[in-house]
Structures are given as C-alpha cells and as structure tokens.
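I opened my notebook to look at how two chains meet and what one of them is like overall. Here is what I looked up, entry by entry.

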Amino acid sequence: MTKRIRRVIVGLDPLQQSRALLEAAAELAGEMQAELLGLFVENQDLLHFAGLPFAREVGFESATRRALDVGSMERTLRALAKEARQALEAVASPTRVQWSFRVVRGVPAAELLAAAEESDLVIANLEAPPDVPSAVSFRVIRAGDVEALRAALEEAGGGVLVLAGADAVRVGETLRQAAGRGTQGAGHSRRR
Amino acid sequence: MSAADPPENPAAAFSMDLSNHKSGTTRPLAAADLCRRCDPGQFKFKTTDDLEDLAQVLGQARAVNAIEFGVGMGRDGYNMFAMGPEGLGRHTIVRRYLERQVPQREAPSDWCYVYNFATPHKPRAIALPAGRAIRFKEDMARLVEDLRAGIPAAFESTEYRAKQKEIETEFSERQDEAVGAIGERAKQQGIALVRTPAGFGFAPRAGDSVMNPDEFRRLPEAEQQRLEHAISTLQEELESAIHDVPKWRREAQRKLRELNRQVTRAVVNGLIEEMRAEYGELPSVLEYLTGMQEDVLDHVEVFRQPKDAEQPTLFGVPLPVSEIGESFLRRYQVNVLIEHGGTPGAPIVYEDHPTHDNLVGRIEHISQMGALVTDFTLIKAGSLHRANGGYLILDAIKVLTQPLAWEALKRALRSREIRIESLGQMLSLISTVSLDPEPIPLDVKLVVVGPRIIYYLLHAYDPEFSELFKVAVDFEEEIGRAPEADLLYARLIATIARHEKLRPLDAAAVARVIEHGSRNAGDAEKLSMQMRDLNDLLRESDYWAATASRKVIRAEDVQRALDARVERADRVRDRLQEEILRGRLLIDTTGSRAGQVNGLSVTQLGGFSFGIPHRITARVRLGAGKVVDIEREVELGGAIHSKGVLILSGFLSGRYAANKPLSLAASLVFEQSYGGVEGDSASSAELYALLSALADAPLNQSLAVTGSVNQHGAVQAIGGVNEKIEGFFDICRSRGLTGEQGVLIPSANVKNLMLRRDVVEAAAAGRFHIYPVDTVDQGIEILTGVPAGERGASGQFPPGTINFLVEQRLVEFADRTRAFGAPPLAKGRRPHRRP
C-alpha cells in the first residue's frame with residue numbers, strides 16, 4: 001500500500017448525506033495515515049434557481065408547490081452544512097484521523113477537483129465523470145470497481161477520484177476492499 | 001375479682017336418700033384421698049433414657065382417627081378442622097400424620113404463567129411435570145437469544161439483500177421514470193429539472209447548469225413569459241406524478257415486510273421446531289409455541305435492533321432508555337409460579353400469615369414513568385399454589401381476622417381453582433393496568449386449626465362451612481389415669497426429653513410430672529394433655545437441674561420448676577393474702593358467728609389460678625318472702641350466681657313451713673367484693689349463712705365452704721376445688737393452724753383432689769380437715785356442731801335441731817305478718833270478687 005496519498009477529500013453533498021460514505025472515507029484515511037477533508041459544496045445551480053422570480057419547489061413528499069428565494073435557500077444550505085460538519089465530526093473525532101471541514105460555493109465536481117491536489121484521493125457521490133480540468137490529472141474510478149481502484153492507488157498513489165453515486169454502502173465496501181480490509185458489511189465494521 | 005366456677009360433672013348423681021341421713025357422722029377425708037400420688041416404685045426404669053420413644057399419639061384416638069379419615073378421603077369437601085384449646089400439640093400431630101402421606105403421593109405439577117398472544121391481559125397458565133418448569137424457562141430464554149442472533153444474521157445474508165435491493169430499485173426506478181420523463185420533456189423546452197433539498201424545481205437552462213437570474217432578466221420579455229408558462233405546466237405535471245409516489249412507497253414497504261417475514265420464518269421455524277420436538281408431549285406448550293411463532297414473525301423488527309444501539313438524546317441530554325426491544329422481549333419470558341424440582345412427594349405448607357394475597361397469590365406492579373404497570377411476569381404465587389397437590393395448614397383465627405381471606409379461601413375450595421384477584425382491584429381502590437390470569441386448578445387438602453368455639457360458630461353461622469369442612473378433628477384435653485397410662489405418659493415424657501435434648505428424668509421426677517399432669521387436669525383420675533405446658537415444665541426442670549449441676553432431672557428439680565412458676569406469677573395472690581392477714585379484708589379463721597361464713601372463690605390471672613376466701617353474710621327479718629342478693633342488685637353478680645341464690649328461696653320455701661307464707665326478708669352479700677362474682681359455687685355457703693341467721697346458730701369460722709346446692713338441699717360439684725382449699729389453707733397456716741380448721745367440699749369433688757403436699761401433710765397430721773359433704777344438713781352440722789334434724793313421725797323437726805329452729809323462726813315470721821294484719825303481698829293488690 002502506497003503512503004503517498006496525503007489527503008482524502010470527501011464530498012459532502014447537500015442533497016444526499018451519507019454517513020456510510022463518511023465512515024468509509026474516515027477509515028480509509030486512518031488506514032493510509034492521511035488527512036480527511038470534508039468539502040461541502042453549496043451547489044450554485046440551487047442558488048441560481050432560487051434567484052429566479054418564479055422559483056417554485058415541488059415538495060417531494062407533499063407534492064405541493066412552494067415559493068423559494070435566495071435567502072431561504074442560503075439558510076437551508078447553511079443548516080445542511082452545519083449538519084454535514086457535525087456528521088463529519090461524529091465520524092472522525094473518535095478516530096485518530098486529522099480532519100477539517102470547508103464550505104465552498106460552485107459546481108460540486110469542479111469545486112472538488114479544484115480543491116484537490118495530485119496526492120489526494122477524492123470521494124464524491126457523483127453519478128457521471130465530470131470534466132477534469134487540464135491543470136490536474138485524475139483517474140476516475142467508479143464505485144464497485146475494486147480492481148481499478150486498487151491498481152490506481154498502487155500506481156499513482158494519488159490523483160484518484162472515486163465516483164460513489166448514490167450507493168454509499170457499495171463505495172464503502174469498495175474502499176475497504178481496496179485497502180485490503182476484507183468484505184465485511186458496513187454495519188459490523190464500526191463495532192469497537 | 002371474678003370467681004369462675006365452670007360447673008363440672010353437672011350430671012353428678014345424687015341418689016342417696018336424704019331423709020335417712022344420720023347426723024354427725026361426717027368424717028374428714030384421709031390424707032391419702034387428698035392427692036393421688038404417682039408411685040415411682042411402679043416404674044421399672046431408672047431414668048427416661050431407658051424408655052423407648054412413644055410412636056403413637058397419646059390419648060388422641062378420636063382426633064387421630066379423624067385425621068386418618070380426612071387424609072384418606074379423596075372426595076370434595078373433606079377438609080379438616082382441628083379443634084381444641086391451645087397447647088395440645090394440634091399442629092404437631094396434624095403435621096406428623098400429613099408427613100406420613102407425603103412419600104405416598106407424587107409431586108404435583110409445576111406451574112408457569114406465559115404471555116397470552118391472543119388476549120394479552122389474560123396470561124396463560126401452563127402445567128409441566130414436576131421439575132420441568134425451570135428448564136422450560138431456560139429453554140425459552142435460550143430460544144429468544146437464538147432468535148436475536150439468528151434473525152439479524154438472516155437479514156445480513158446476500159440473498160436477503162439482493163431481494164431487498166430489488167424492491168428498493170423497483171420503487172426508485174418507478175419514481176425516477178416518472179420524474180425523469182418530465183425532466184426529459186423539460187430539457188426539450190430548454191428547462192432544467194433541479195433537485196432541491198426538499199423536492200424538485202424547474203429553471204431555465206444555460207448549458208449544463210441553471211440559468212443565472214441576471215441572465216434570465218436579460219432575455220426578451222416573450223421568452224421570459226414562455227419559460228415561465230412552460231415551467232408552470234411542468235410543475236403541475238410533476239405534482240401529479242409525485243402524487244402517486246407515496247402509494248408506490250407503501251407498496252414497496254408491504255413487499256419488504258413480506259420479504260422480512262419470509263426470511264424470518266425460516267429462522268423462527270427452525271428454532272421453534274427444535275423446542276417442539278423437546279416438548280412434544282405437552283400440548284399446552286406446543287400451543288404456546290405456535291402462538292409465539294406467529295408473534296415473532298409479526299414483530300421481526302424488534303429482533304433486528306442491535307443490542308447496543310445509540311442512546312437517544314434530546315438537545316444533547318441522554319433520554320432515559322425505554323429499551324423498547326428489551327421490554328418487548330419480556331413477553332417471551334416464562335414466569336415460573338411454582339416448581340417442585342427438588343422436593344419429592346406432596347407439599348405440606350403452613351401459612352402463618354394468611355392474608356388474602358398470601359393465600360391466592362398477587363399481581364405486583366412496577367412504576368414506569370410514574371405509572372403503575374404490570375405484566376404476567378409479576379404474578380406471584382400464594383400458599384394455595386405452593387400447597388396445590390398436597391396439604392395446607394392454616395390457623396382459623398389468623399385466616400378469619402384477615403380481610404377477605406376466608407371468603408377467598410372458600411371460593412378457591414368451592415370452585416377448585418385458584419383465581420388471582422388483587423385486593424385493591426376487588427375493592428376498586430386501585431385503577432391501573434390489570435391482569436386477569438387464567439385460573440389454576442386446585443387440588444388441596446386443607447387443615448384449619450382453631451379453638452372449638454370457632455368451629456361451632458362457623459358451623460352455626462357460615463352456611464358453606466359444613467360443606468367444605470366435613471371432618472372435625474376434635475382433640476382431647478385429658479386422658480384417663482389408669483396404671484398403664486402412667487407408663488405411657490412416662491414414655492411421652494422420655495420422648496419429649498430426648499427430642500428437646502433435655503437431661504433424662506429419674507422415676508421420681510417422672511412421677512412428680514405425672515402428678516402435676518393430674519393436678520393440671522384438675523382431676524385425680526385424669527392426666528392433662530396440655531403438651532405445651534408439659535414441654536415447658538420439662539424444659540424448666542432441666543434448667544433447674546442444670547443450675548444444681550445434675551446430670552439427671554430429679555423430683556426436686558420438677559418441684560422447684562413448679563414452685564418457681566408460682567413465685568413468678570403469685571404477686572396478686574400475695575397481695576390479697578396480705579390484705580387478709582393485715583385485717584383489711586375481714587376473714588375470721590377462729591371462733592364462731594351467726595349469719596357469717598367463709599366462702600371460697602378462684603381467680604385466674606395470666607394462666608395462674610388461685611383461691612381466696614370471702615366473707616359471706618346473711619341478715620334476716622320479717623318481710624315479703626324475698627331473698628335479696630345484693631351482688632345482683634348492684635349488677636356485680638353474674639346470671640349463674642343469681643340462679644344459685646334463687647334456688648335458696650326454692651329450698652327454704654320447699655322445706656320449711658310449707659303451709660304458711662314465706663314471710664322472710666333476707667339479704668346476702670359477698671363482703672368486700674368490689675368486682676364481679678360469677679358462678680354458683682358459693683350457693684351452699686350462702687345457704688349456711690342464711691340458715692345460721694334464721695336459726696341464730698353460730699357458724700364455726702375455722703371452716704370454709706364451697707359447693708353449689710339444689711332445691712332439695714343436695715350439695716353439688718364445683719370447679720377449682722384444689723385452688724380453693726389451698727387458698728383457705730394458706731391463710732390459716734399464716735395465722736397458725738389450730739387443728740380445727742378445714743374446708744367443706746362437695747363429695748363429688750373428692751375425685752378432683754390433687755392437693756399440694758403441705759396441705760396433705762397438715763391433713764395427715766390432723767391439723768387441717770377436708771370434709772366431703774353430700775347435703776346441706778351434713779354441712780350445717782359440721783359448721784354449727786348442732787344436729788340438723790329430720791322430721792319425725794309427727795312431721796315435726798326434733799326440738800333443738802337447726803331445722804327445728806329455722807322452721808320455728810319462719811313460722812314466727814308468718815304468724816307475725818298475719819298479726820300485723822297486712823297480707824304479705826305487694827301493695828295495691830287485692831283479691832277480686834267475681835260478680
């Protein structure tokens with residue numbers, strides 16, 4: 001196992017909070033003696049959408065329309081960021097991993113990559129590979145592809161982007177397998 | 001002061017011909033008649049160590065037969081009531097006979113209460129073979145542990161997760177499809193579907209992202225309106241699409257539940273089948289397991305909860321853990337109510353605190369968040385449960401004085417089942433969560449031990465009593481004192497001495513104990529069966545033997561124990577005797593006086609009886625034929641006492657001057673008696689005082705008198721004769737025995753004489769005399785030294801005799817009354833003349 005990965009960046013999506021993903025990332029960071037950075041991206045699209053004069057949100061559960069404005073959207077995002085920080089803290093504090101939390105505004109994938117350096121491993125719940133800026137070269141690995149991830153980690157030792165998608169449990173398993181920790185379920189691995 | 005004289009031998013026959021009585025022939029009793037000694041020479045043993053234990057129960061043949069019958073009779077209602085006074089050893093004897101039955105009977109079933117899955121407030125009762133209940137409880141606990149391990153494992157399996165994913169995917173695909181189709185349509189119109197934290201929105205697109213609001217404002221007016229309109233339409237479409245989502249979710253949840261059930265069923269069935277195999281012969285257990293199987297399947301989620309889940313908090317403060325899982329799992333526990341694992345044979349239970357709850361069991365409550373709650377695990381057994389299949393011994397007075405206990409007991413016996421009802425509930429004192437446990441069949445033989453009066457009262461006033469207690473076990477207080485009885489009694493003493501780990505008694509000590517047994521029975525021909533008193537006497541004798549450093553209890557130790565008892569108890573007697581000796585209570589023991597006689601009474605205080613003399617006086621004068629009993633006038637005399645006095649009037653009017661009106665006014669009183677007087681044992685004394693007053697013949701004050709009298713002048717038996725004689729003897733001895741002194745007792749009471757040694761010795765030396773008297777004539781002769789006199793051929797009493805003097809006086813009264821010219825009738829009553 002290479003030790004060149006210095007930092008694990010985990011994307012904290014305002015829309016999908018995943019404790020399992022956080023746990024996997026924290027464990028991996030511990031394993032690699034790397035730092036853990038939680039990056040909360042305030043999605044620019046949401047703010048743009050809320051800024052429109054006729055912005056309406058159709059509730060997912062209630063199926064009713066609600067008016068939105070930028071102020072309320074910002075408040076919501078701030079609350080979600082606070083929650084994300086608490087979740088990160090809850091996961092990371094009990095371990096010895098050094099961790100930090102940052103909030104940025106923009107397009108999630110772009111912001112993640114912008115924050116990353118070559119020696120970083122980025123984990124984000126993105127569905128599709130983003131346009132990687134030419135400044136950084138990243139290998140993009142999909143969750144579940146353990147071999148590719150293992151190979152990428154062996155070879156490059158950094159500059160890897162793992163696409164978690166929505167399935168946080170699977171990405172956890174993948175990361176664990178890549179780190180050579182067997183195939184135990186996520187539920188058992190947290191027992192201390 | 002009360003003088004209790006339960007008339008003994010009321011049927012004592014007086015068949016002698018009173019008219020043929022020869023005056024002046026009454027001799028005092030010989031010393032040998034005053035106390036029936038037990039001769040130690042008749043015993044062949046040296047000490048009680050040489051005697052065998054007495055296996056049978058001495059002198060209780062009636063009671064023992066009744067117990068044997070009651071125990072053997074298996075039918076309903078043949079419960080026993082062991083009656084008799086305290087201290088006869090009723091408990092011991094009953095227990096001994098019951099214990100003989102124990103090995104012959106099988107140990108009864110164990111009983112458990114379990115959860116009732118159909119009606120939770122009615123816990124089920126399950127019977128198991130003796131000793132199996134604990135194992136069943138453990139097996140159930142293990143089963144639940146296995147389920148808690150097995151069920152989560154099943155949910156971790158790949159098979160389950162694949163199926164679960166399938167259901168989830170189906171749902172999300174359906175949802176995505178609906179939303180995605182709208183998203184696609186939006187895209188065609190240059191509109192983006194935006195996912196927000198709480199739902200979806202539509203916004204104009206600019207490339208891959210949402211159009212900046214500033215950009216939007218720069219669009220031509222028409223374009224802006226088009227977009228706004230299109231967005232509004234899309235929103236409506238989305239609304240209707242999302243509308244169905246909850247329905248789809250419910251569907252998915254239902255499928256998931258069905259899947260959960262399938263997965264659990266495999267685990268549950270496997271584990272429960274194992275239990276079924278083990279308890280195959282017990283249908284009620286199998287039925288319970290079937291119920292449990294379904295219940296577990298219905299509540300799978302409880303078993304899926306990990307044991308060490310995070311503690312819930314509110315604003316950072318940990319909430320009290322309600323342990324939903326743990327408390328839920330209580331329902332699969334087994335409450336072993338009663339088990340007979342370690343004890344072979346039928347149980348014998350003595351309940352010494354027979355409250356309602358202690359008899360039928362109780363349902364406890366625990367406080368949960370300030371409310372009282374209960375469940376079947378809090379049902380506790382009562383003594384009926386413990387004695388079920390065996391014997392229960394109760395004290396009548398204890399059970400009758402506990403509120404509702406007697407009724408509950410009868411209800412259980414009658415219905416032949418134990419139904420646990422909380423007292424608070426019955427009286428509507430507590431309204432809280434309650435249970436109605438399934439009743440347990442009852443098969444118990446009840447032995448209630450109590451005084452006879454309780455038996456007879458219950459028999460008279462409780463209609464159910466005779467139905468439920470058909471066997472009366474009546475214990476004797478005494479046995480006949482035949483020579484062979486002495487030896488049996490000696491063996492009884494030996495048995496007790498060994499059992500109590502006392503020193504052995506030598507033959508003389510045994511003889512002394514037997515004499516005390518006779519004295520205790522108040523009868524020279526009987527032995528007391530007061531086992532408690534006998535035990536106490538032997539223990540106390542052992543103590544005195546120990547203080548004298550003896551290895552064997554001797555007669556003097558027994559005597560010392562008896563003397564010490566008296567010493568401890570005789571303060572009141574001493575005070576009374578002191579009052580007499582100091583002359584404050586007036587009792588003459590020398591000289592003679594008319595109209596005054598020494599009567600005797602017995603006082604019982606805290607188990608110690610003693611006799612004390614009383615001065616009884618009579619005054620007579622001309623009057624309306626009435627004997628006034630002053631005790632009765634002031635309501636200090638009891639009914640029996642009054643009866644005794646009224647009999648005197650009957651005697652006087654029947655014997656003397658029958659053809660003349662009785663023109664006598666007499667008054668009788670117990671001098672210096674300030675308490676109640678009961679009993680008729682003083683009636684002969686009262687008659688002597690009256691006759692003496694009428695005849696003006698002085699009575700010898702060296703003598704005291706006891707005995708009741710009938711209308712013909714026969715002297716009848718009384719109680720407490722030994723104490724009475726000793727009471728008078730003590731006073732005389734303190735003043736110095738003159739050789740004249742003595743006591744007149746009814747002849748019928750000679751059999752009761754078991755007098756103290758000092759009295760017997762004084763009598764033997766001729767310094768104190770006990771005169772057995774059959775008639776009033778005999779008595780008056782002894783007291784006055786004048787013949788009583790019998791009617792001669794002329795129908796007259798011989799002049800100079802007491803009877804002659806009495807009759808003369810009464811005739812004189814009658815004549816004088818006539819001389820006064822006033823009829824001896826009450827005022828205002830005149831003879832009516834018929835028209």
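**Where the chains meet**

I began with the contacts between the chains: 23 residues of chain A are in contact with 23 residues of chain B. I kept in mind that this is a predicted model.

Next I asked myself which elements give two or more residues to the side of chain A that touches chain B. I found helix 2 (44–51), strand 3 (56–59) and helix 3 (70–92) of chain A. Helix 2 of chain A gives the largest share, 6 residues.

I then sorted the residues on that side of chain A by character, and they came out as 13 nonpolar, 6 polar and 4 charged.

**A pair of strands across the chains**

I followed strand 3 of chain A to its partner. It pairs with strand 5 (residues 199–206) of chain B, in the antiparallel sense, over 3 bridges. I also noted who faces whom: A:Gly59 stands opposite B:Gly199, which lies in strand 5 of chain B.

**Chain B as a whole**

I looked up the secondary structure of chain B and got 29 helices and 32 strands. Why is chain B described as more spread out than a compact globule? Its radius of gyration is 48 Å, well over the 28 Å that the globule rule gives for 835 residues, so I wrote "more spread out" beside it. The C-alpha atoms of chain B fill a box of roughly 165 × 85 × 55 Å along the principal axes.

Two last entries on chain B: buried residues make up 41% of its 835 residues. Among its contacts with a separation of 6 or more, 77% join residues 24 or more positions apart.

Methods. Residues numbered from 1 in each chain as written. Chains lettered and ligands numbered in written order. Predicted model: local features only at pLDDT ≥ 70, side-chain atom pairs only at ≥ 80, totals over all residues. Contact = placed C-beta atoms within 7 Å. Helix = DSSP H or I, 4+ residues; strand = E, 2+ residues; numbered from the N terminus. Nonpolar A, V, L, I, M, F, W, Y, C, P; charged D, E, K, R; others polar. Pairing = 2+ DSSP bridges. Rg over C-alpha atoms; globule rule 2.2 N^0.38 Å. Buried ≥ 20, exposed ≤ 12 C-beta atoms within 10 Å, placed from the backbone.
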